[in-house]
Amino acid sequence: MEIIKELKKDALKRILLQGKRQDGRHMYDYRPISIQKNAIPNAEGSALCHLGNTQVIAGVKFDVATPFADRPTEGVLSTGCELVPLASDSFEPGPPSPESIELARVVDRGIRSSGCLDLKSFFLEEGKVLALYVDLYVVDYDGNFFDAAALAAMAALTCTRMPKVEEGKIIRTESTGLLPLNGKAVTCTFAKVDDHKLLDPSLDEERGMDGRLTIATCGENVCAMQKGGWGAFTKKDILECVDISSEKSKVLCSLF
Amino acid sequence: MAKEKPQLIINGKRADGRSMEDLRPIKITAHVLNDAQGSALVEWGNNKILAGVYGPRECIPRHDASPYRAVVRCRYTMAPFCSLEEHGRSGPNRRSHELSKVIREAFENVIISEAYPRTQIDIYMEVLQSDGGTRCAAITAAAVALADAGIPMKDLVCAVAVGKIDGQVAVDFSKDEDNYGESDMPIAIAPRNGDVLLFQMDGNLTREELSNALEMAYRACAKVSALQAAALKAVYDGPKPQASLVLGNKQ
C-alpha cells in the first residue's frame, strides 16, 4: 500500500505543476456541497452534509448535567466524533483515534469561540445546567472531514429544538422553540502540497499533502485555527488562507 | 420506562393503527456509500440503519486468518443521538457486543467464505435512529450491503421480530410495544430454505403462541425479502447511480 501512496503523490504533484487539480477544480474551489437538515428526527437537531463523496451526519442531544466547577452558571458543550469503520477502509473499530479526537476538538473550538451559542442561557438552577452534545458521524470518507463535519454541526444547530425543562427534568416530547444562535461558524481547510495551497482537499490530495490548515470563521472574525501534518506554512500562506476563508465562508453560510 | 404501561391494542388495532400482521413502512436503499464495497440504508418505521461491508480483504491480525475460509466480522453499534431519550455513550456496550456476535453467526451460515481463505469480511451496522426492532432492521440492511459488495451468499438473510402484546401475538414491534409487550422474539431466516439463522426470545409464550408467532414471522419475512430484492434491482437494473445518502428533508 505504501507504494500506491507514493505513486499517487507523484501524480498529484505532476498535475499541480500544470496549475491543475486531479478533478478539474480550481485551487480555491469546493466540491459540490449539499446539506439535509433534520436527518435524524429523534435527535433534538441533526443534519447530513455531503461534500463531494464525503458524507458526515451531525446529531444534537440535550441532557441535564452538573456544570464545570469553574463555570457554575454556564451550560456544557460537548463535541464528540466517530470515524465509523464503514466510512473508509482506513478507519478501524476501537477507541477514538487521535484523528477523530482532533476533528471533534477543532469543530468544538470553532463553535465555542465563535460565541454563536449562549452557554449562560443553559443555566437551570444551582448545580444544574443543560449539556448540549454535538456528535459527528463520518459515514463516508473522501477527504476533508473537517469542513464537512463543521457544516453538518452548524446546520444541525440551526434546526435544534430546545426541549422543555420542568423541575430540572427534560421533557423531550415538548419544545420551546429553536435554539437561539448568534451567527454561524464555518471552517475552510487547505492542503499544502509543495508551494500550492488547495481548498477542500480530496482524499487523494490529502494523502499527498505536506500540511493542512483549517480556519474557522464567524462573520468577519477568525475564531479558531488548526495546522496539521509535518509540512510548514509561511506567514504569507496563513494570511492568504484567512482572506480566502473570509470570502468562502459567506458562500458556505448561505447553504443552510 | 418510568411511564405507566400504555394500552397497546385498542379496538383490535395496535396504537399506530396496524393490524397484528402488519409491518411498519419499510424503505430499503442499496448502495448509499462510496468508499464501502457494499452499503445499504434501511428505514423501518422510525429506525434508520446504515450498513457497510468491506472485503474480502487481508485479515489483520494475521493469526486470526483461517487457511480454509474468510473470517467474518460484525459490528453493530448505536449512534449517541439515535434515541428519543438521553444522549447515549458512543461505541459498543454489552448489548451491542452480544448482538454483533449473533448477527455474525447468522451471516456465517450463508456467506460462501470457503471461496476466500486467509481473508476477512467486515460487516458494519450503524443504528442512526432507533425505534424498536433495530437488530432485525440491521440484519436486513447488512444482507443488502453484502449483496451490493458482490459477496457470494447462499441466500439473502432477512429478519423480523414477533412476540406478544396485550395477550395477542403480533409482528414487528414499535418502541412502546417492545418496552411494554409480554414477549419479544427476533428471528432471522434464509428465505429460500426457511432455515432459522438468528433466534432470540424473552418473555412468556405458550407452545401454541410460539407456533403461531413462528408462522407469522415467516409470512412477514417473505415481505421483507421481496423489498430487499427490489432495492438491489433498483441499483443493478441499468447504470449504477451515484452513491449518496438521503435522510430527512433535502435542502
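This is a short chat about a predicted model, covering a sheet in chain B and the contact between chains A and B.

Q: Which strands form the open sheet in chain B, and in what order?
A: The order is β3-β4-β5-β7-β6. The pairing is mixed.

Q: Which strands stand at the edges?
A: β3 (26–30) and β6 (71–78) of chain B. Each has a single partner strand, so one side of each is left without a neighbour in the sheet.

Q: How are neighbouring strands turned against each other?
A: By 15 degrees on average, direction ignored.

Q: OK, β5 and β7 of chain B. In what sense do they pair, parallel or antiparallel?
A: Antiparallel, over nine bridges. β5 covers residues 47–58 and β7 covers residues 119–129.

Q: What stands opposite B:Ile49?
A: B:Val127, in β7(B).

Q: Switching to helices. Where does α2 of chain B lie?
A: Helix α2 (residues 134–148) lies across β3, β4, β5, β6 and β7 of chain B. It runs at about 150 degrees to β4(B).

Q: And α4 of chain B, what does that lie across?
A: Helix α4 (residues 207–236) lies across β3 and β4 of chain B. Its angle to β3(B) is about 35 degrees.

Q: Now the contact between the chains. How many residues does it take from each?
A: 37 residues from chain A and 32 residues from chain B.

Q: Which elements of chain A give two or more residues to that side?
A: β1 (33–37), β2 (45–51), β3 (54–65), β4 (76–83) and β6 (128–140) of chain A. The largest share, six residues, comes from β3(A).

Q: What about residue classes on the chain A side?
A: There are 17 nonpolar, 11 polar and nine charged residues.

Methods: Residues are numbered from 1 along each chain as its sequence is written. Chains are lettered from A and ligands numbered from 1 in the order in which they are written. This is a predicted model: local features need pLDDT of at least 70, side-chain atom pairs count only at pLDDT 80 or more; totals for chains, interfaces and linings use all residues. Two strands pair if DSSP finds at least two bridges between them. Helices (H or I, at least four residues) and strands (E, at least two) are DSSP runs, numbered from the N terminus. Axes are lines fitted to C-alpha atoms, for helices over the stretch in contact, and angles run from 0 to 180 degrees between N-to-C directions. Two residues are in contact if their C-beta atoms, placed from the backbone, lie within 7 Å. Ala, Val, Leu, Ile, Met, Phe, Trp, Tyr, Cys and Pro count as nonpolar, Asp, Glu, Lys and Arg as charged, and the others, Gly among them, as polar.
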